[in-house]
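Got your viewer open? Here is a short walk through the model, one selection at a time.

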Amino acid sequence: MDVLVSARRWTDSSLWTISCILICLACIVFKIVRKAQWTRLDREFRSFAASRKCALPSTVQGSLLSGTRHKWKRLYDRGDMFNDYMHSVFHKNGPTHAIVEPTSGDTKTIYTIEPENIKTMLHTNFSEYHRSRNMPNALDPVMGQGVFTSNGEAWAHSRRLVKAQFSTQRVRNVAKLEPYVQNVFNEVGNVGKDGWTEPLELLLTFNRFTLDSATEFMFGTSAESHRAAMREKEMFIATKKKRGVRAKYHLVMTDFGTAFDIALDYVALRLKLGRWWFLADGFWFRIACYKVKSYADTYIREAVAHADEAAKRAQEKEKGAVARDVGSDETVDLDDRRYGLISELVGSYPDKVALRNQVMQLLVAGRDTTAATLTWSFILLEAHPTEFNRLRSDIIEHFGTESDPRRSVTFENLKSCVYLQWVVAEVVRLYPTGPLNARKAFVNTVLPVGGGADGKSPVAVKAGTTVAYNTYLLHRRDELWGEGSWDFKPERWEGRKTGWEYIPFHGGPQTCLGRKFEFPNSREMADGFS
Ligand code: HEM
């Protein structure tokens, strides 16, 4: 018996030893294969770089901790991440520089603020880059796949479908914004004896404005987040409750706006975390996503039912089954516009989840960007009274006043109000809502400038390298904008034609689809305040 037990122990321990040895061998083989692969790719890359006469850009040696330090700064340095930290890095290392991995010596990221490089990446060699996977991963629970997060053929397909709808008259219907502009005025309230209104968090107010107008545009019905907030404010005053009962309480209680805000707070954190996106997750995030999606689904179901009904009736009409004068069910409202943009997308998306994803992507793409632009406009105008007064008199001259109107506020009339155009252009120059953006090269490719001691030689980009461009600092380069590029000067836009030194709405095939929609949004609001 003893012999049997010890034989079994021996077999167990030797099996264990053999397994360990096999695992170690597998790791070594894997490492050797990876190294061989890396060496081959590196050799190919070097000869590619030599054949294109490329030179190295200035390099910054990353340390084992620098990635973490960078992330920490992104997460917690609320103040001057761009003005101090990033500006000084560009100042020290030049407009194109590379961050090199401490262990492998490989270039991990190339940073650039050269218009030529940005044009090459976003336009000329667009097909050689794609969006990083961190973005779709971070956004997935709220909005799945769609035009904003996909690459390649999937992106091209989504873009074709959505773009077709953005050229319609719907985008130009500025009058639809009016009730939401009025909501903002109601919230701002009247001016007191001291000439001031009560203090107000403008960003919150504009977040509601843009959410309400965007949901009206998408679904044909507004989320009415403004009304919900006002109701809550009244309740708060009535019950004298402390403001501490924030997110979770709201979420259980009510509305789309709060759920949307909570979902986007998480998304922002997930984006900041980069490849550690999955760390920002949890119960409240999932509940918020669920609420937001259910809201969208309600409208999508209605729009689908409506489209089916319309198709059925059209068929019947064709067959002559429905005579013109039969009015039995004429009460069915077949006006597509009632359902907003989704009614136009319904036919292109047989899969309702794909349709919902697309709609959510558009909401997210348009909401915070517009609200942030509006907020910055007011911050800048408040700090620049001369520019504010010029804008005010320009708008009054153009449109008149509420009691003495001259022209109606239409898409076309807003476009012809020149100083207003300059102000908005200047605001998104100084505060672009995508201040730092990136693409990943998936083949070996070349950026036209940034290499060598003078920074004029082409730079080779290895497949897998991220090229990040800093729109914020690109828009503030004296070489491109003249002295005083950090100052708010709408007059600089007089007669100015822009190229790739100005990309608040991105550029090339993935240029912002809401660009046409956005400018009237900001302008109508400015007009209302004058
Ligand atoms: C001030 C307002 C806005 C700014 C500054 C802005 C800026 C941008 C930027 C920088 C991108 C490129 C993102 C990337 O691919 O890395 C983008 C893409 C996009 N924007 Fe906007 N945006 C604004 C408003 C809007 C609005 C109101 C909508 C829609 C209602 C919208 C829809 C889109 C869409 C669909 C894309 C993806 C285009 C594609 O990949 O093909 N944007 N926007």
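Burial first: a residue is buried if 20 or more other C-beta atoms lie within 10 Å of its own, exposed if 12 or fewer, and partly exposed in between, with C-beta atoms placed from the backbone. This is a predicted model, where local features need pLDDT of at least 70 and side-chain atom pairs count only at pLDDT 80 or more, while totals for chains, interfaces and linings use all residues. Residues are numbered from 1 along each chain as its sequence is written.

Start with E224, in the loop between α8 (202-219) and α9 (225-239); helices here are DSSP runs of H or I with at least four residues (strands: E, at least two), numbered from the N terminus. E224 has 21 C-beta neighbours inside 10 Å, so it counts as buried. Check its backbone too: phi of E224 is near 50 degrees, positive in a residue other than glycine.

Next, select the ligand and the 22 residues around it (near means a C-beta atom, placed from the backbone, within 6 Å). G366, T369, H506, C512 and G514 come nearest. Two or more residues each come from α14 (352-383) and α20 (515-529), and α14 gives the most, six.

Now colour by domain, using bounds from an automatic or database domain assignment. Domain 1 (39-134 + 433-474) and domain 2 (158-319 + 331-432 + 507-529) both give residues to the shell, so the ligand lies between them.

Last stop: H506, in the loop between α19 (478-481) and α20. Phi of H506 is positive, about 70 degrees, although H506 is not a glycine. Buried or exposed? H506 has 17 C-beta neighbours inside 10 Å, so it counts as partly exposed.
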